[in-house]
Amino acid sequence: MTQTTGGGLGALGTAMTGSVLVDGDLDYDEARSLWNGEFDRRPAVIARCATASDVALAVDFGRQEGLEITVRGGGHSFSGASACDGGLMIHLGTMNHVAVDPERRRAVVGGGATLADLDAATQAHGLAVTGGVISHTGVGGLTLGGGMGWLVQEHGLSIDNLESAEVVLADGRCVRASADEHPDLFWALRGGGGNFGVVTSFEFRLHPVGPEVHLAFLFWDQDRGVEALRACRDAIPSLPERTGLLIAAALSAPDAPFVPEEYHFMPGHALIVVGFGSAEEHAAAIAPVREVCPPLFELVTPIPYTGLQQMLDDAAPWGIRSYDKCIYLEELTDEAIDVIVGRAPDKASPMSFMPIFRLDGAFERVGEDDTAFGGRRVAQYMVDLTGVSEDEELFRTDRGWVRSTWDALRPLAGSAAGYLNLNSEPDDDRVRAAYGSAKYERLARIKAEYDPGNLFHHNANIKPT
Ligand SMILES: Cc1cc2nc3c(=O)[nH]c(=O)nc-3n(C[C@H](O)[C@H](O)[C@H](O)COP(=O)(O)OP(=O)(O)OC[C@H]3O[C@@H](n4cnc5c(N)ncnc54)[C@H](O)[C@@H]3O)c2cc1C
């Protein structure tokens, strides 16, 4: 374990508006805990920052003491990146303010806010920005890696809506990054992860959304998997752009009130379609899939946007064990569907599944080099493979299931690239594959300028050139 000098620690605690925690303090265990129960790490120091100046003090302290530094936004990284044993955790959890300017349609969001914080504040004005599909996820890590959710077709990734960011750099300076100020840093922040500094606030452009939207959840049993996924794929190109969707392959039916009791936990496949337009438009959007392959059961209902954002929260409770790997597929070919459906029965945990995001519309209209996003800006699918269980044995089995299913899909993809935010092992090869060599080299040059000593390396790391 890295040692810290008592004097420096005392001075940090005195100077900070927030608090400093060490092992044995009342809130220490709660503050060090991560969403992924696979990781039980004990930082030497947790700096619970309340302001950007606190963050700057903590960065200076960590650098001067030679401590490993981790930055914790919402604590949801699959790789446990936001904590390490014996290091300094810069904890942003109390920096969760969200200030909305409804006239200008802008939100300034603290670096430690969750999507639930963001949605609650923006929906008070009938506004929203693309986030993820689980509301307790952190805005920080999600945005810095890209950010995809129900609004990706209509409004692009979270980063496509980022106007500016306030950042504490490795040398302790606080700067603003935007199209006009530190434009290279601003480019790198939009996809380059936590490599370039600690973002203390994000400024997003907002859009009118809801407050009520339209939800359809269609479920098929395993035997009809191939037919169902082909019907989903064939219907997707003609869906209106004001539609969000997720194919939840290899899903076990939830024991929710809308699911007939005899189908609770039944293995199968689902399609979730969200309509941001009228009820009629939504009904027309889902009609072709229902006609071609009638579901075993379905739910079609209006839902508040904030309810939509929280409806999957229970599927990913805090502290559960999880292992994730994903891959981009330009086409959902019959062969890919055969792999997905064929591998589905082999999962051990009812909570494991394969969410498949469709990326097109506003996503593909952003230029390839306009942001540092780790993935190509073409219409494609992002197939996520997620092994999830409270039970250690089931978890280990499904970690193997995730890996072997990824191996089976790999020959069908153009490359090994996958979305870095959904990756439990973002090693060097995986990081380079996601960015491609030209983008990686550009990121490495910017890293060399802003963090030459690679102070921020507990992440999908970009090595300074
Ligand atoms: C249950 C679950 C559901 C998810 N659903 C989606 C989804 O629908 N769409 C999607 O796009 N992604 C999704 N993700 C992936 C998610 O985007 C990543 O796990 C992301 O890293 C989470 O960010 P965080 O701030 O909560 O995590 P943390 O573990 O706190 O941080 C993750 C990384 O980002 C860095 N970081 C965080 N905040 C800051 C900051 N303010 N400044 C600098 N660096 C920072 C950390 O150092 C770390 O390297 C999901 C993840 C989980 C666990």
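Reader: Which backbone atom lies 2.8 Å from an oxygen atom of the ligand, and in which residue?

Author: In this predicted model, the backbone makes several approaches to the ligand's oxygen atoms. A backbone N or O atom of Gly75 lies 2.8 Å from an oxygen atom of the ligand, and Gly73 has a backbone N or O atom 2.7 Å from an oxygen atom of the ligand. A backbone N or O atom at 2.8 Å from a ligand oxygen also belongs to Val133.

Reader: How much of the ligand's accessible area does the protein cover?

Author: On its own, the ligand has 950 Å² of accessible area, and 35 residues surround the ligand, with Val71 and Tyr419 among the closest. Of that accessible area, the protein covers 95%.

Reader: Which element gives the largest share of the shell around the ligand?

Author: The elements that give two or more residues to this shell are S3, strand S10 (198-205) and helix H5 (139-145). The largest share, 4 residues, comes from H5.

Reader: Why is one side of S1 and of S3 left without a neighbour in the sheet?

Author: Four strands form an open sheet of mixed pairing, in the order S1-S2-S4-S3. Strand S1 (19-21) and strand S3 (69-72) stand at its edges, so one side of each lacks a neighbour, as each has a single partner strand.

Reader: Which helix packs on the sheet?

Author: Strand S2 (residues 45-48) pairs with S1 in the antiparallel sense over 3 bridges. The helix that packs on the sheet touches S2, S3 and strand S4 (88-91), and its direction makes about 170° with that of S4. This helix, covering residues 52-65, is H3.

Notes
Residues are numbered from 1 along each chain as its sequence is written. This is a predicted model: local features need pLDDT of at least 70, side-chain atom pairs count only at pLDDT 80 or more; totals for chains, interfaces and linings use all residues. Side-chain values use heavy atoms; hydrogens and water are left out. Two strands pair if DSSP finds at least two bridges between them. Contact means heavy atoms within 4.5 Å. Axes are lines fitted to C-alpha atoms, for helices over the stretch in contact, and angles run from 0 to 180 degrees between N-to-C directions. A residue is near a molecule or strand if one of its heavy atoms lies within 4 Å of it. A polar contact is a pair of N or O atoms within 3.5 Å; within protein, one must be able to donate a hydrogen and the other to accept it, and residues adjacent in sequence count only if both atoms are side-chain atoms. Accessible areas come from the Shrake-Rupley method with a 1.4 Å probe; for residues, only the protein chains shown count as cover.
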